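User: I'm new to this structure and would love a close look at a single part of it. Could you pick one residue, walk me through its surroundings, and then set it beside a couple of others?

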Amino acid sequence: MARGLLGKKVGMSQVFDQEGNLVPVTVLEMGPNQVLQVKTKEGKDGYNAIKVGYGDIKPNKLTRPEAGVFRALNLEPRRHVQEFRVADDFIGDYSVGDELTVGMFQPGQKVDVTGTSKGKGFQGVIKRHGFKGAKESSHGTHEYRRHGGSIGASAYPGRVMPGRRMAGHTGSERVTVRAITVVAVFPEQNLLLVRGAVPGAKGAIISARVSSKQPKFLP
């Protein structure tokens with residue numbers, strides 16, 4: 001089986017499970033994806049993987065090298081391309097041009113979902129890192145409620161240590177939510193319902209792959 005699929009985030013909703021509990025879910029439109037390349041250990045790449053494409057795009061939107069790749073494969077151009085590793089036992093099941101659908105996932109399965117988080121612009125330490133902030137102003141304290149405070153380290157080492165939490169650009173980063181549960185799969189509509197939230201805004205491109213971790217504390 002392939003390790004994952006490309007798709008987009010549709011939005012959030014809620015469903016009832018078999019016990020009647022209300023479960024918040026994120027609706028993902030996964031695929032269909034098309035296999036663009038198969039890499040093997042025996043080949044020049046030295047590892048097993050498949051490269052898949054998702055989404056339509058007009059040929060005139062591509063660069064000449066990109067258009068040449070699809071022309072050589074005799075396939076329709078794809079807007080988004082990503083590579084997924086494949087186990088040795090399954091790499092022989094795929095060839096260029098194969099279509100991959102959301103049917104590869106099963107309800108109850110754990111998946112890792114990767115996307116780009118919403119950009120928040122330049123933010124202070126309270127919103128960016130959850131700092132508490134100063135107490136009410138008194139005795140001459142002026143405009144200091146939401147400041148970051150001292151960042152120095154005295155005479156030694158005499159510099160700001162790497163990793164100091166400070167104000168800066170927030171969001172718009174690659175984020176992976178690991179081992180979330182697949183609630184439902186709808187192959188006819190290419191829809192995948194996963195429990196909880198995933199990074200990104202509505203319509204954002206995301207990838208979902210079979211999780212390699214199975215934490216016990218998650219439902």
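Analyst: Let's start with phenylalanine 84, which sits in strand 5, the stretch covering residues 78-85. Keep in mind as you look around that this is a predicted model.

Is phenylalanine 84 buried or exposed? Its relative accessibility is 0%, so phenylalanine 84 counts as buried, the cut-off for that being under 20%.

What does phenylalanine 84 touch there? Setting aside neighbours within four places in sequence, phenylalanine 84 is in contact with Arg3, Gly4, Leu5 and Leu6, with Ala49, Ile50 and Val52, and with Ser207 and Arg209. To get a feel for distance, try valine 96: this residue is 12 places from phenylalanine 84 in sequence, and their C-alpha atoms are 14 Å apart.

One of those contacts, Ile50, leads us to another residue. Between the C-alpha atoms of isoleucine 50 and valine 183 there are 26 Å, with 133 residues separating the two along the chain. Valine 183 belongs to strand 10, residues 174-186. Because its relative accessible area is 29%, valine 183 is described as partly exposed. Beyond residues up to four places away in sequence, valine 183 touches Val15, Val23, Val25, Pro107, Leu193, Val194 and Arg195.

For a last stop, look at lysine 127 in helix 2, which spans residues 125-129. Lysine 127 has 52% relative accessibility and therefore counts as exposed. Together with Lys118, Lys120 and Lys202, Lys127 forms a positive surface patch.

Key. Residues numbered from 1 in each chain as written. Predicted model: local features only at pLDDT ≥ 70, side-chain atom pairs only at ≥ 80, totals over all residues. Heavy atoms only, no water. Patch = residues over 30% accessible without salt bridge, like charges linked within 9 Å, V, L, I, M, F, W, Y side chains within 5 Å. Areas by Shrake-Rupley, 256 points an atom, 1.4 Å probe, with all protein chains shown as cover. Salt bridge = Lys/Arg side-chain N within 4 Å of Asp/Glu carboxyl O. Lys, Arg positive; Asp, Glu negative; His and termini not counted. Charge placed at Lys NZ, Arg CZ, Asp CG, Glu CD. Helix = DSSP H or I, 4+ residues; strand = E, 2+ residues; numbered from the N terminus. Buried < 20%, exposed > 50% of the residue type's maximum accessible area, 1.4 Å probe, protein only. Contact = heavy atoms within 4.5 Å.
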